[in-house]
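Thanks for coming. I will go through one structure today, starting from the inside and working outwards. Please have the viewer open.

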Amino acid sequence: MATTATDSALANFLAHSLELESEARERYGELAESMDAHHNRPVADFFRRMAAEAEHHLQEVAALAGHMTLPQLKAWEFDWPDAEPPETASYEALHYRMSLRQAMQLALANEHAAERYYREFANRTGDAGTAAVANRFADEESGHAAELERMIAALPASGLHLREEDDEPHMPE
Amino acid sequence: MTDAIRLKAKDYKSEVKPIWCPGCGHFSVHNAITKAMAALGIDKDRTVLVSGIGCSSRLPAYVDSYGFHGVHGRGLAIAQGLKVARPDLTVLALGGDGDGFSIGGNHFIHACRRNVDITYIAMDNEVYGMTKGQASPTTPMDWDHSKLTPHGPGVRPFKPAALALASGAPWIARGYSGNPNQIAKLIAEAVEFPGFSFLHVMSQCITFCPEQTDWKAIVTESEAPPLADADEAAKQFLHEDGFQTGLLYREQRATWPPPGATAAEEGAPGKLAAAFRV
């Protein structure tokens with residue numbers, strides 16, 4: 001059977017979606033482990049929860065892709081608006097003393113970035129079927145962002161900045 | 001590649017979990033190495049990562065391949081010896097700015113000159129992180145965050161790309177830890193380049209140099225093809241700000257040892273192999 005333009009557009013979109021969610025899962029998992037290593041348990045637990053969320057969405061995308069033949073792209077061949085996929089937390093935004101509030105704000109920014117990416121993809125694809133799926137994903141990311149905003153609002157007012165109970169990096173005398 | 005199933009980047013990670021500080025740029029290089037290995041379909045069992053000492057030199061433990069955590073500054077010496085003895089292996093040497101440009105500085109310049117077919121990834125955070133934040137050979141001269149150098153080191157930092165070029169390195173690139181996918185692409189190209197490939201990665205240490213989070217706004221990705229003219233490259237490397245990333249310089253020249261010098265290549269001892277035979 002010949003490949004239609006819809007198949008091709010959707011396959012490209014789903015390949016990017018899978019990479020986006022896979023990278024988010026890997027990064028959040030990695031961040032959770034590194035926070036565990038530095039005894040920042042609340043942030044580690046939060047990042048682990050975010051990794052599970054990304055895994056859940058990844059499975060949804062994978063199920064949608066089903067038996068479609070997706071383009072096999074190398075890590076650097078994907079087309080992202082920035083250096084990394086939109087939902088992937090930047091390393092330089094991390095700190096071993098970061099508070100739960102800061103971690104949630106980081107995740108919130110990632111959810112907004114993912115929503116923006118999906119929405120823009122929908123707007124520029126030119127394929128109605130792909131646009132519908134992209135808009136659906138954007139709505140899901142919007143829902144995640146709203147949930148995170150609720151969680152942030154429920155946090156105590158303290159903890160806006162780096163955790164004070166942790167030691168400063170040792171500097172030699 | 002010999003594995004029946006194509007491996008993904010995560011399949012190249014070992015079960016040992018990194019203990020770098022959260023936010024460390026070395027996580028990015030770790031991810032980039034595994035992405036490059038997956039993209040190239042590199043056989044884990046025929047790949048060796050060799051390092052010196054320091055935060056970045058912990059990296060071989062985190063990759064599911066052969067690894068050698070060597071002596072401070074001597075990763076390049078070990079890596080070159082290994083490649084000469086076993087030219088069939090893919091050999092990557094890894095280390096930081098202190099390990100590579102200070103303690104191992106002499107090995108670095110001679111590795112560039114010798115041109116053994118290995119890849120050297122120097123993760124430069126401009127500080128000795130493992131020993132808690134002292135100035136290194138690439139620390140800005142006015143960096144006064146360490147009590148050992150309260151007025152800054154007061155000496156001009158090395159320019160690793162210029163040093164590599166002057167020493168004869170035929171392949172010179174620069175990456176930034178905020179862009180692991182670009183680093184992965186550069187590593188893949190470096191591994192495939194027939195000769196000594198030097199990848200200088202600006203890898204932030206947010207614990208001891210929090211100001212390095214500003215790098216993201218400074219770094220630019222070069223769209224230009226790599227220079228092939230050493231004079232032109234020298235002028236660029238001596239006068240640039242050091243934040244331009246990409247493959248910067250490439251030339252073709254004979255690798256060392258010459259063909260037929262080792263037993264493994266020809267199935268019979270060459271002059272070099274014979275010299276080491278007891």
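Which residues does B:Tyr120 touch, leaving out those up to four places away in sequence? They are B:Leu76, B:Ala93, B:Ala111, B:Phe196, B:Phe198 and B:Leu199. Before going further, note that this is a predicted model.

B:Tyr120 belongs to the largest nonpolar core, which has 63 residues. B:Tyr120, B:Ile172 and B:Ile187 are the residues with the most contacts inside that core. Another core lies apart from it, with 48 residues. That one includes residues of both chains, among them A:Leu10, A:Phe47, B:Phe27 and B:Phe208.

Next, the sheet. In chain B, 8 strands form an open sheet, and their order is β2-β1-β3-β4-β8-β7-β10-β9. The pairing is mixed. At the edges are β2, residues 66-69, and β9, residues 220-221, each of which pairs on one side only.

The helix α6(B) packs on this sheet. Its contacts are with β3 (90-96), β4 (119-124), β7, β8, β9 and β10 of chain B. The direction of α6(B) makes about 160 degrees with that of β7(B).

Let me stay with β7(B), residues 171-176. How many of its 6 residues are buried? The count is 6 of the 6, so the strand is largely enclosed by the rest of the structure. If you look along β7(B), B:Trp171, B:Ala173 and B:Gly175 point one way. B:Ile172, B:Arg174 and B:Tyr176 point the other way, and residues on both sides are buried. Note that B:Arg174 is in that buried list, and so is B:Ile172, which I named for its contacts in the largest core.

Now the neighbours of β7(B). Strand β8(B), residues 197-202, runs parallel to β7(B), and 6 bridges join the two. Within that pair, B:Gly175 is opposite B:Val201. To get from β7(B) to β8(B) the chain passes through α6(B), and this β-α-β crossover is right-handed.

Strand β10(B), residues 244-250, is joined to β7(B) by 4 bridges, and here the two run antiparallel. B:Ala173 stands opposite B:Leu247 in β10(B), and B:Arg174 has B:Gly246 as its bridge partner there.

On to the contact between the chains. Here 32 residues of chain B are in contact with 24 residues of chain A. Two helices of chain B, α1 (26-40) and α6 (180-192), each supply at least two residues of the side that touches chain A. Which element gives the most to that side of chain B? It is α6(B), with 5 residues. By class, that side of chain B has 12 nonpolar, 13 polar and 7 charged residues. So α6(B) has turned up twice: it packs on the sheet, and it gives the most residues to the side of chain B touching chain A, a statement that rests on contacts counted within 7 Å.

In chain A, one residue to look at is A:Glu30, in helix α1, residues 5-37. Is A:Glu30 buried or exposed? It has 22 other C-beta atoms within 10 Å, so it is buried. A:Glu30 and A:Arg48 are 18 residues apart in sequence, while their C-alpha atoms are 8.8 Å apart in space.

Last, some backbone geometry. Most residues other than glycine have a negative phi, and most peptide bonds are trans. Against that background, here are a few places in chain B to check.

B:Asn115 is not a glycine, yet its phi is positive, about 65 degrees. It sits in the loop between α4 (105-114) and β4 of chain B. B:Asn115 counts as buried because it has 20 C-beta neighbours inside 10 Å.

B:Glu126 also has a positive phi, near 60 degrees. Its place is the loop between β4 and β5 (127-128) of chain B. With 23 C-beta neighbours inside 10 Å, B:Glu126 is counted as buried.

A glycine follows α5(B): B:Gly168, with a positive phi near 105 degrees. In α5(B) itself, residues 160-167, the buried residues are B:Pro160, B:Ala161, B:Leu163, B:Ala164 and B:Leu165.

Where is there a cis peptide bond? From B:Trp256 to B:Pro257, with omega near 0 degrees. B:Pro257 lies in the loop between β10 and α9 (263-266) of chain B.

That is what I had; comments are welcome.

Methods. Residues are numbered from 1 along each chain as its sequence is written. Chains are lettered from A and ligands numbered from 1 in the order in which they are written. This is a predicted model: local features need pLDDT of at least 70, side-chain atom pairs count only at pLDDT 80 or more; totals for chains, interfaces and linings use all residues. Two residues are in contact if their C-beta atoms, placed from the backbone, lie within 7 Å. Ala, Val, Leu, Ile, Met, Phe, Trp, Tyr, Cys and Pro count as nonpolar, Asp, Glu, Lys and Arg as charged, and the others, Gly among them, as polar. A residue is buried if 20 or more other C-beta atoms lie within 10 Å of its own, exposed if 12 or fewer, and partly exposed in between; C-beta atoms are placed from the backbone. Two strands pair if DSSP finds at least two bridges between them. A crossover is right-handed if, with the strands pointing away from the viewer, the path from the first strand over the helix to the second runs clockwise. A nonpolar core is a set of buried Ala, Val, Leu, Ile, Met, Phe, Trp, Tyr and Cys residues joined through C-beta atoms within 7 Å. Axes are lines fitted to C-alpha atoms, for helices over the stretch in contact, and angles run from 0 to 180 degrees between N-to-C directions.
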